[in-house]
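Work through the following exercises with the coordinates open beside you. Each task is followed by a solution that proceeds step by step.

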Amino acid sequence: MKAFQLAAPGERLSILCLGAHSDDIEIGAGATILGLLSRGAHVDVHWCVLSAPGEREREARESAKNFLVQAASAVIETMPFRDGFFPEQGERIKSWFEELKSRVNPDLILTHRRDDLHQDHREVCRLTWNTFRDHSILEYEIPKWDGDLGNPNVYVPVSARTLQRKFDLLKAHFGSQRSKQWFDEETFRGLARLRGMECRAPERYAEAFVARKLALEL
């Protein structure tokens, strides 16, 4: 299968990363971001976490800095919206999205999957599509006890080394999450191996996304 390249070495690419919670972007697209940054493209990243109160804000900012160390430029933004109550805060979050749109015009947006069973994740996805109507959007997946993994249609093969770097950064920066039964390397590696099998990734691992609308230039 022919692979399509987001940005060749030396090319410029701007990405908007959106996560409801402090570790969402890293779990869903961390290896994709690390791999892209390591291949020589000039990537400008705007990284937004909508719920990062207290200790979680420090975790979010320090993690993002380490994931984006090779970015051409990086803006890290955290917000104090209440965890678990995004639908009830919809008007305030929508206003924030509209203000964000006046500041960024990315080539690519990474956001939550529409069919994610976490209400905060779904609300972020809904408002991403509602706000950015003329952009390329990829929806990432996050494993959880709800058992809501779906059928992705975009795969990004990643190297074993890049995947291990993602795991190491997750463990280093998110101490508040280590007690959660699902938050461990086995969970994340298992999903990456499954997606790697589905796309026959050269090094056996991949991250996967849902693309609902893409334009290809022939």
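Buried stands for under 20% relative accessible area, exposed for over 50%, and partly exposed for the range in between, with a 1.4 Å probe and protein chains only. The model is predicted, so that local features need pLDDT of at least 70 and side-chain atom pairs count only at pLDDT 80 or more, whereas totals for chains, interfaces and linings use all residues. Residues are numbered from 1 along each chain as its sequence is written, and side-chain values use heavy atoms, with hydrogens and water left out.

**Exercise 1. Classify the two partners of the salt bridge between Arg58 and Glu55 by their accessibility.**

Begin with the distance: the closest N and O atoms of Arg58 and Glu55 are 2.3 Å apart, which satisfies the criterion of a Lys or Arg side-chain nitrogen within 4 Å of an Asp or Glu carboxyl oxygen. Next, place the pair: both residues lie in helix α2 (residues 55-67), three residues apart, about one turn of the helix, where helices are DSSP runs of H or I with at least four residues and strands are runs of E with at least two, numbered from the N terminus. Finally, Glu55 counts as partly exposed because its relative accessibility is 43%, and Arg58 is partly exposed at 39%.

**Exercise 2. Which parts of the chain does the salt bridge between Glu77 and Arg103 link?**

First, the closest N and O atoms of Glu77 and Arg103 are 2.8 Å apart. The pair links distant parts of the chain, with Glu77 in strand β3 (residues 73-78) and Arg103 in the loop between α3 (90-101) and β4 (108-112), 26 residues apart. Then compare burial: Glu77 is buried because its relative accessible area is 14%, whereas Arg103, at 38%, is partly exposed.

**Exercise 3. Identify the network of salt bridges to which Lys144 and Asp148 belong.**

Start from the side chains of Lys144 and Asp148, which meet in a salt bridge at 3.0 Å, N to O. Both Lys144 and Asp148 are buried. Extending the search, one finds Arg113, Asp116, Lys144 and Asp148 linked in a network, while the whole structure holds 21 salt bridges.

**Exercise 4. Where does Ala172 lie, and is Ala172 buried or exposed?**

Ala172 is found in helix α5 (residues 160-173). With a relative accessible area of 53%, Ala172 is exposed. As a last step, take the C-alpha atoms of Ala172 and Gln5, which are 30 Å apart in space, the two residues being 167 apart in sequence.
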